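Let's take a walk through this fold, one sheet at a time. Keep the viewer open and follow along.

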Amino acid sequence: MRLLRRRGLRALPAGLLLGLPGPVAASNSERPWFATGESVKDTWRIEAVEGDALTMSIRRKIKVPGAERRKILVLYPRPSSAYDTAITKILDVVADKDIDAEFTVVNFQKQDVRGEAALARAERDGYELIFSMGSESTAWLFQHYRDGAIPVVSVCSKDPVQLGQMPAYDVGSGTNFAFTSLNMPVEAQMAYVLELKPALRNIAVLVDSKNVSAVETQAKPVAAYARRRGIQVLYLAVENPEKAREELSVLVQDAVVDMRKNDPTLDHSVFWITGS
């Protein structure tokens, strides 16, 4: 296929182009990997693809008269309530615009072989648009599908300039990617904080050290901004997200001890929690 040659993706067995290989289903104790809000239920039919519980098919229940059907791929890296909100809004907008769209939503679990198979199928079957859901999907697609044949729009993703995916805020990407961003400029965020705490002395930044996008686009910029203004920064990095509660109980206690050294009442100290 043209995709495999142009982007240097690994050759895939022919059978994998019919479906997606090797999904690992979530256990019953975990939240469902895919969910939407109630607003979409009357308009859209949502079904798991036979043989692959981590791929969902979404079609309109009633075809839009005279409208050409548009095929869209949505690539998920994992379950997330934020992604539930985002896909619900996408479906609501598409419905409001009377677009007759067919969505294929793939949880590729950050596995190259599943992601590559989804891209190959999208090119083969004439898909016109790809939504990359979350920073992890956007980063994977930027590495594997930059300058690809199908346009990509990022959703629920962090600042593409700070992540090195865009050269600047006032130019185009020069690729097949159109980026959105969850991030507000740190100057704007800190303006609110300093309005509430004009004599701010300490800021404790809580971050998941494994979440690269949050580290690069939220934790580091806030820390740099604060240090430039003489505010003490306490960097509270969780090393194992599965044990976040235990780690944070120690990190927060230690941070409070440090804060009290220059702010005994803690009136001029804040905790800054980075996003997912």
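**Two sheets and their helices**

Start with strand β8, residues 202-208, which runs parallel to β10 and is joined to it by five bridges. If you want a spot to zoom in on, find Asn202: its bridge partner in β10 is Ser269. Keep in mind that this is a predicted model.

Now zoom out a little. These strands belong to an open sheet of three, ordered β9-β8-β10, with parallel pairing. β9 (232-238) and β10 (269-273) sit at the edges with a single partner strand each, so one side of each has no neighbour in the sheet. On average, neighbouring strands here are turned by 20 degrees against each other, ignoring direction.

Two helices go with this sheet. Helix α6, residues 212-228, packs on it and touches β8, β9 and β10; the direction of α6 makes about 170 degrees with that of β8. Helix α7, residues 244-260, also lies across β8, β9 and β10, and runs at about 165 degrees to β9.

Next, swing over to the other sheet. This one is open too, with seven strands in the order β1-β2-β4-β3-β5-β6-β7 and mixed pairing. At its edges are β1 (44-49) and β7 (177-178), each pairing on one side only. Further in, β3 (residues 70-76) and β5 (residues 129-133) pair in the parallel sense over four bridges, and Ile72 has Leu129 in β5 as its bridge partner.

Helices lie across this sheet as well. Helix α3 (residues 112-124) crosses β2, β3, β4 and β5, at about 165 degrees to β4. Helix α4 (residues 135-145) lies across β3, β5, β6 and β7, running at about 135 degrees to β5.

Methods:
Residues numbered from 1 in each chain as written. Predicted model: local features only at pLDDT ≥ 70, side-chain atom pairs only at ≥ 80, totals over all residues. Heavy atoms only, no water. Pairing = 2+ DSSP bridges. Axes fitted to C-alpha atoms, helices over the stretch in contact; angles between N-to-C directions. Contact = heavy atoms within 4.5 Å.
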